[in-house]
Amino acid sequence: MRFHSAARKAGLVAAIAALSLSAGCAKKDEGETQASGVKLVEAGKLTVCTHLPYPPFQSKDASGKVVGFDVDVMDLVAKKLGVEQAIVDTPFEGIKSGQDLNTGKCDAAAAGMTITEERQKVMNFSDPYFDATQAMLVKTGKPYKSLDDLKGKKVGVQAATTGRDYARQFEKEKGLQLVEFEDLAAEQQALANGQVEAAINDLPVWTEYLKENPGGFVVAAEFDTGEQYGFSVKKDGNPELLKTINEALAGAKQDGSYDTIYEKWIGKRPSA
């Protein structure tokens with residue numbers, strides 16, 4: 001009797017274990033939910049990776065809420081899907097490498113990110129949604145008007161950005177001493193405290209900074225690099241989401257909501 005009883009107990013334990021395992025698998029599958037045919041990493045949410053701070057595209061307001069140009073546009077995508085946007089702050093390196101998308105940290109990335117051939121190899125981009133220009137910021141009263149004036153001087157750049165890549169092209173030719181910073185806030189602080197003589201980043205970013213710090217800095221030079229921003233999704237992994245993002249962008253430009261968002265965060269939109 002003890003033998004049979006032990007066998008029955010063993011069978012019961014095995015059955016419970018099997019049920020637990022299948023339940024665990026089912027729960028995992030629930031993470032990849034469908035919304036209008038779009039795969040999402042979490043039910044009811046459009047999870048978006050970004051790297052803070054990068055105003056006016058994304059930053060925290062006084063209450064700690066993430067706001068900005070990219071946030072408002074991606075809210076239109078979330079609304080189209082019938083879900084809420086959930087924002088994940090993560091290092092830019094993980095975004096631009098495609099790692100965050102590949103590991104399921106987020107459904108899409110919206111980080112004021114320039115579309116480049118290198119990045120297109122590891123992720124799929126939406127249609128361009130913003131024309132970007134690089135610019136050089138200096139303290140008011142400094143004599144620097146171009147990169148030629150900065151020979152032997154320290155110039156701040158943000159790691160893993162196209163602004164850094166642009167500056168690197170002239171590093172040896174113009175005798176620049178490039179200093180890399182992990183994020184925009186660190187680059188701005190370095191310029192403010194004199195750690196660097198100039199700093200290179202996207203023009204809209206400096207325009208926003210000048211609003212917050214009137215009189216202290218000036219845009220000394222602009223570099224028209226022909227860059228355009230795009231939102232990104234996993235490489236060949238979520239075509240329906242990419243389609244939805246493009247449809248939301250097209251719709252916003254057609255109904256005027258894109259212009260409203262542009263004027264809110266950037267200013268009057270340039271004539272086409």
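In this predicted model, Ala160 is buried, with a relative accessible area of 5%, and occupies the loop between strand 10 and helix 6 (162-168). Although Ala160 is not a glycine, its phi is positive, at about 65°. A positive phi, of about 55°, is also found at Asp236, again a residue other than glycine, but Asp236 is exposed, its relative accessible area being 62%; the loop that holds Asp236 runs between strand 14 (232-234) and helix 9 (239-255).

Strand 10, which precedes the loop of Ala160, belongs to an open sheet of 5 strands with mixed pairing, arranged in the order 11-10-12-9-13. The edges of this sheet are formed by strand 11 (177-181) and strand 13 (217-229), each of which pairs on one side only, and the twist from one strand to the next averages 25°. Strand 10 (residues 154-158) is joined to strand 11 by 5 bridges in the parallel sense, and within this pairing Gly156 has Val179 of strand 11 as its bridge partner.

Elsewhere, strand 3 (residues 45-50) includes Thr50, which is buried with a relative accessible area of 2%. A polar atom of the Thr50 side chain lies 2.8 Å from the backbone oxygen of Ala110, and the residues that Thr50 touches, leaving aside those up to four places away in sequence, include Gln58, Ile87, Asp89 and Ala111. In the loop between strand 3 and strand 4 (59-60), which contains Pro53 and Pro56, the peptide bond from Leu52 to Pro53 is cis, with omega near -10°, and the bond from Pro55 to Pro56 is likewise cis, with omega near 10°.

Methods
Residues are numbered from 1 along each chain as its sequence is written. This is a predicted model: local features need pLDDT of at least 70, side-chain atom pairs count only at pLDDT 80 or more; totals for chains, interfaces and linings use all residues. Side-chain values use heavy atoms; hydrogens and water are left out. Two strands pair if DSSP finds at least two bridges between them. Helices (H or I, at least four residues) and strands (E, at least two) are DSSP runs, numbered from the N terminus. Axes are lines fitted to C-alpha atoms, for helices over the stretch in contact, and angles run from 0 to 180 degrees between N-to-C directions. Buried means under 20% relative accessible area, exposed over 50%, partly exposed in between (1.4 Å probe, protein chains only). A polar contact is a pair of N or O atoms within 3.5 Å; within protein, one must be able to donate a hydrogen and the other to accept it, and residues adjacent in sequence count only if both atoms are side-chain atoms. Contact means heavy atoms within 4.5 Å.
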